[in-house]
Amino acid sequence: MREFSEDYLERTREGMWDDSRRALEPLALGSRERVLDVGCGTGELSRVLAAEAAGEVVGCDADPALLEQAREHVPVVAGDALRLPFPDDAFDLVVCQALLINLPDPETAIREFARVSSDLVAAVEPDNGAVDVDSSVPSEERLEDRARRAYLDGVGTDVALGADARDAFDEAGLEVLETRRYDHERTIEPPYGDAALTTAQRKATGAGLADDRETMLAGEMSGEEYDALRSEWRSMGRDVIEQMEDRSYRRREEIPFFVTVGRA
């Protein structure tokens, strides 16, 4: 399973449900007595669940450092998604966000979720193959699409699983009740925050792309193709910083998430 830093999880999940929580309606949070958030990370979804649920929300993750942050929002328990440290039917809702896309065998995890749930299992998973980027830097959209395709080719798990999560639920033996789409939009515009400035600097140095080099080369991309992409990527990053200096840089990224709900 892929591991993520606290900074990455906060940057990608923070504020995700601030504009609308309609896609979470099938979870019937107002009637839930005990909810488990598996792979809770820093607790961004846990915080939302706790605000909406009638009863207790518990976070579970294998990374102790992430749990320390999640603990600020909900009670937490260390545990593996494939071997949850809870008895059968301990919760009436088990939910995860952006977890199944990082597992080589998501069906096994879903079966484990069903074991500890007396009622519903829900997965909030993205389709990372359908991310849409619009940028004031003309080359950014093209280069990000190229890098994303190379990454998806080499990652080894189904990071585009979101739209097809019902198939994994079916394979795990759950009755799929509903799937709802939620588009998470992230924007960068003036005034620029520290996170936006750091991201721009990492583009200009190629550091962000370098983090994914091993994965990208595990697919069909050659070393020469990667080096050429990184060169263009750094040039694009310098253009981003130049536009930021005159406050003209704008970027919008839309990531489709799918909330799939099944009955154990």
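K203 is buried, because its relative accessibility is 7%, and this residue of helix α7 makes a convenient place to enter the structure, which is a predicted model. The side chain of K203 does not stand without a polar partner, since a polar contact of 3.3 Å joins it to the side chain of E144. K203 is also one of the residues that line the largest cavity, and from there the reader can move outward through the surrounding elements.

What does a search of the whole structure find in the way of cavities of 30 Å³ or more? There is one such cavity, and the volume given for the largest cavity is about 30 Å³. Rolling a probe the size of a water molecule over the atoms shows where empty space is left. The lining is made by I188, A196, T199, A200, K203, V240, M244, Y249 and R251, and the elements that contribute two or more residues to it are α7 and α10. Of the elements, α7 gives the most, with four residues. Sorted by class, the lining comprises six nonpolar residues, one polar residue and two charged residues, so that K203 can be placed among the charged ones because Lys and Arg count as charged.

Y249, another residue of that lining, leads on to the aromatic pairs, of which the structure holds three. One of them brings together the rings of W17 and Y182, whose centres are 4.3 Å apart and whose planes meet at 20°, so this pair is stacked, given that planes under 30 degrees apart count as stacked. The two partners come from distant parts of the chain, with W17 in the loop between α1 (6–13) and β1 (34–38) and Y182 in strand β7 (residues 175–188), 165 residues apart. Both W17 and Y182 are buried.

Another pair is formed by Y192 and Y249, whose ring centres lie 6.5 Å apart and whose planes are at 45°, so the pair is tilted. Here too the partners belong to distant parts of the chain: Y192 sits in the loop between β7 and α7 (194–205), Y249 in the loop between α10 (223–245) and β8 (251–263), and 57 residues separate them. Y192 counts as buried because its relative accessible area is 15%, a value under the 20% cut-off, and Y249 is likewise buried, with a relative accessible area of 2%.

The two loops that hold these tyrosines also contain backbone features that deserve attention. Most residues other than glycine have a negative phi, and most peptide bonds are trans. In the loop between β7 and α7, where P191 is found, the peptide bond from P190 to P191 is cis, with omega near -5°. In the loop between α10 and β8, which holds R247, this arginine has a positive phi of about 60° although it is not a glycine, and R247 is partly exposed, with a relative accessible area of 49%. A further case is A28, which lies in the loop between α1 and β1 and has a phi near 50°, a positive value in a residue other than glycine. A28 counts as partly exposed because its relative accessible area is 31%.

R251, also in the cavity lining, connects the account to the strands, for it is the bridge partner in β8 of S135. The strands β6 and β8 pair in the antiparallel sense over four bridges. Along strand β6 (residues 132–135) the side chains alternate, with V133 and S135 pointing to one face, where they are buried, while D132 and D134 point to the other and are not buried.

What, finally, surrounds N102, and is this residue buried or exposed? N102 is found in the loop between β4 (91–97) and α4 (106–116), and it counts as buried because its relative accessible area is 3%. A polar atom of the N102 side chain lies 3.0 Å from the backbone oxygen of A98. The C-alpha atoms of N102 and D158 are separated by 7.2 Å, although these residues are 56 residues apart along the chain.

How values were computed:
Residues are numbered from 1 along each chain as its sequence is written. This is a predicted model: local features need pLDDT of at least 70, side-chain atom pairs count only at pLDDT 80 or more; totals for chains, interfaces and linings use all residues. Side-chain values use heavy atoms; hydrogens and water are left out. Rings of Phe, Tyr and Trp (its six-membered ring) pair if their centres lie within 6.5 Å; planes under 30 degrees apart count as stacked, over 60 as edge-to-face and the rest as tilted. Buried means under 20% relative accessible area, exposed over 50%, partly exposed in between (1.4 Å probe, protein chains only). A polar contact is a pair of N or O atoms within 3.5 Å; within protein, one must be able to donate a hydrogen and the other to accept it, and residues adjacent in sequence count only if both atoms are side-chain atoms. Two strands pair if DSSP finds at least two bridges between them. On a 1 Å grid over the protein atoms alone, a cavity is a set of points where a 1.4 Å probe fits but cannot get out, and a pocket is an open set with protein on both sides within 12 Å along at least five of seven lines; lining residues have an atom within 4 Å of a point. Grid points are joined across faces, edges and corners, and a volume is the space filled by probe spheres set on the points.
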